[in-house]
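The following exercises concern a single structure, and each is followed by a worked solution. Please study the sequence and the model before attempting them.

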Amino acid sequence: MSLFRIAVVLSLGVAVMPSDQEQQDALYERAATAAHWTITYCDRNAQQCETAGGLWDAFMRKAQFAGKLAYDVALRSTLENGQEPRALTISDKARGTLQPTDLAPGWRGLERENGI
């Protein structure tokens with residue numbers, strides 16, 4: 001279904017393109033100017049880009065700390081009395097109406113007599 005949506009959006013994009021050569025040239029020029037304006041933003045606004053870079057670095061350090069904290073908390077909560085990490089068990093209530101046969105894999109490949 002998503003392939004159909006992509007095709008529709010692309011078709012609409014092509015449909016709204018100008019057919020006159022003069023309009024196509026004007027659109028091309030505007031798009032090139034907009035791209036150049038965007039690419040050279042930091043050349044014109046060095047202070048803003050420097051501030052944004054510092055904020056991004058601080059955000060990334062905080063995100064790394066949060067990820068490490070979440071990992072450590074999850075790891076410590078699975079440890080009991082200094083034992084090695086173990087898999088969390090799922091109670092029968094957590095499984096709902098699933099039966100043990102529902103949890104087994106449905107396909108394991110071809111089984112051959114000669115072991116290949």
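**Exercise 1.** Determine whether Lys-68 is buried, partly exposed or exposed in this predicted model.

*Solution.* Step 1: the relative accessible area of Lys-68 is 53%. Step 2: a residue counts as exposed over 50%. Step 3: Lys-68 is therefore exposed.

**Exercise 2.** Identify the partner of Lys-68 in a salt bridge, and describe how the two residues are placed along their helix.

*Solution.* Step 1: side chains of opposite charge can pair when their charged atoms come close. Step 2: the side chain of Lys-68 meets that of Asp-72 in a salt bridge, with 3.0 Å from N to O. Step 3: both residues belong to helix H4 (residues 46–78), and because they are four residues apart there, about one helical turn separates them. Step 4: Asp-72 counts as partly exposed, at 26% relative accessibility. Step 5: the structure holds one salt bridge.

**Exercise 3.** State which cysteines are joined by a disulfide, and give its handedness.

*Solution.* Step 1: a search of the whole structure finds one disulfide. Step 2: this bond joins Cys-42 to Cys-49, with an S to S distance of 2.0 Å. Step 3: the torsion about the S-S bond of Cys-42 and Cys-49 is about -90°, so the disulfide is left-handed. Step 4: Cys-42 has a relative accessible area of 42%, and is therefore partly exposed.

**Exercise 4.** Locate the residues that form a patch of negative charge on the surface, and place Asp-25 within the secondary structure.

*Solution.* Step 1: the residues that gather in this patch are Asp-20, Glu-22, Asp-25 and Glu-29. Step 2: Asp-25 is found in helix H2, which covers residues 21–39. Step 3: with a relative accessible area of 44%, Asp-25 is partly exposed.

**Exercise 5.** Name the residues of the nonpolar surface patch that includes Phe-4, and give the area of this patch.

*Solution.* Step 1: Phe-4, Val-8 and Leu-12 make the patch, whose area is about 300 Å². Step 2: Phe-4 lies in helix H1 (residues 2–15). Step 3: Phe-4 counts as exposed, at 53% relative accessibility.

**Exercise 6.** Describe the protein chain as a whole: its secondary structure, its buried share and its exposed area.

*Solution.* Step 1: the protein chain has six helices and zero strands. Step 2: read along the sequence, the pattern is α-α-α-α-α-α. Step 3: the protein chain has 116 residues, of which 3% count as buried. Step 4: the area exposed by the protein chain is about 11200 Å², and carbon and sulfur atoms supply 61% of it.

How values were computed. Residues are numbered from 1 along each chain as its sequence is written. This is a predicted model: local features need pLDDT of at least 70, side-chain atom pairs count only at pLDDT 80 or more; totals for chains, interfaces and linings use all residues. Side-chain values use heavy atoms; hydrogens and water are left out. Patches are made of residues with over 30% relative accessible area and no salt bridge: like charges are joined within 9 Å, nonpolar side chains (Val, Leu, Ile, Met, Phe, Trp, Tyr) within 5 Å. Accessible areas come from the Shrake-Rupley method with a 1.4 Å probe; for residues, only the protein chains shown count as cover. A salt bridge is a side-chain nitrogen of Lys or Arg within 4 Å of a carboxyl oxygen of Asp or Glu. Lys and Arg count as positive and Asp and Glu as negative; His and the chain ends are not counted. The place of a charge is taken as NZ of Lys, CZ of Arg, CG of Asp or CD of Glu. Buried means under 20% relative accessible area, exposed over 50%, partly exposed in between (1.4 Å probe, protein chains only). A disulfide is a pair of cysteine sulfur atoms within 2.5 Å.
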